[in-house]
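Colleague: Please take a close look at a single part of this model, and set it against the protein as a whole.

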Amino acid sequence: MDKQEAKKIIIEYGKMMAASGMVTLYEGNLSIRCDDGFVITPSTTNKLTLTEDQIIELDKDGNFMNPQCGKKVSSEYRLHLEAYRVRPDVDACIHFHSTFATAYAVAGKAIEPKGDSTAIILYGEIPLCRYGRPRTDAIAADLKKHLPDHDAVLLEGHGALVVAKDMEAAFASAQIVEKTAQIEWIAQTLGGESVLPESEIEVLRHLG
């Protein structure tokens with residue numbers, strides 16, 4: 001995709017992410033793969049007022065290509081860089097800290113639906129990547145374990161990450177991850193899920 005077109009899409013969906021409460025104005029980040037690398041939201045910049053000339057350009061090795069933009073590269077660019085390396089089939093990535101999904105990540109628990117048929121079809125499970133210190137390569141070290149077989153993962157002690165073929169699909173996936181986390185949490189407060197038979201769960205997983 002052309003960089004300028006990708007930047008326009010990031011601005012559009014950055015506003016949607018902030019407005020939806022999936023991220024605060026400054027946290028979380030969105031990226032789109034381009035032919036020679038990817039573009040990503042900058043560090044600590046209001047997503048509601050973000051402009052095209054503020055968006056960071058990185059090459060395929062993660063090198064900063066447009067320092068003239070006057071913004072800092074998000075420390076979490078490593079998540080996006082590794083995601084694109086692990087998943088050559090995807091072109092969009094969102095890292096976010098929505099409340100319920102992050103609660104599972106902070107609790108160190110994967111999301112493993114056993115009664116929500118829609119979640120089972122869409123994800124099977126949302127696995128937990130082991131803790132990696134923010135602002136270091138360790139934060140992305142576990143992606144190669146889970147991301148090849150999952151489009152959404154939790155990051156222990158941190159938040160969540162989704163990948164998709166385009167930004168619209170990535171945004172929808174992020175919303176579904178948060179909704180699934182909410183449903184699982186509420187079901188537990190009601191005494192736990194009404195668990196489907198394992199044979200049915202297996203059938204549903206193969207419908208995805």
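Modeller: The protein exposes about 10,000 Å² (Shrake-Rupley method, 1.4 Å probe), of which carbon and sulfur atoms supply 52%. The model is a predicted one, in which local features need pLDDT of at least 70 and side-chain atom pairs count only at pLDDT 80 or more, while totals for chains, interfaces and linings use all residues. Residues are numbered from 1 along each chain as its sequence is written, and side-chain values use heavy atoms, with hydrogens and water left out.

The secondary structure comes to 7 helices and 7 strands (DSSP runs of H or I with at least four residues, and of E with at least two), in the order α-β-β-β-α-β-α-α-β-α-β-β-α-α from the N terminus. The radius of gyration, taken over C-alpha atoms, is 17 Å, close to the 17 Å that the globule rule (2.2 Å times the number of residues to the power 0.38) gives for 208 residues, so the protein is as compact as a globular protein of that length. Of these 208 residues, 49% count as buried (under 20% relative accessible area, 1.4 Å probe, protein chains only).

The part I would single out is Asp116, in the loop between helix H3 (99-107) and helix H4 (117-123). Asp116 is buried yet has no salt bridge (a side-chain nitrogen of Lys or Arg within 4 Å of a carboxyl oxygen of Asp or Glu), and the nearest side chain of opposite charge, Lys179, is 7.5 Å away. A polar atom of the Asp116 side chain does, however, lie 3.2 Å from the backbone nitrogen of Thr118. Leaving aside neighbours within four places in sequence, Asp116 is in contact (heavy atoms within 4.5 Å) with Ile183, Glu184 and Glu193. Across the protein, among contacts between residues at least 6 apart in sequence, 63% join residues at least 24 apart.

Methods:
Buried means under 20% relative accessible area, exposed over 50%, partly exposed in between (1.4 Å probe, protein chains only). Lys and Arg count as positive and Asp and Glu as negative; His and the chain ends are not counted. A polar contact is a pair of N or O atoms within 3.5 Å; within protein, one must be able to donate a hydrogen and the other to accept it, and residues adjacent in sequence count only if both atoms are side-chain atoms.
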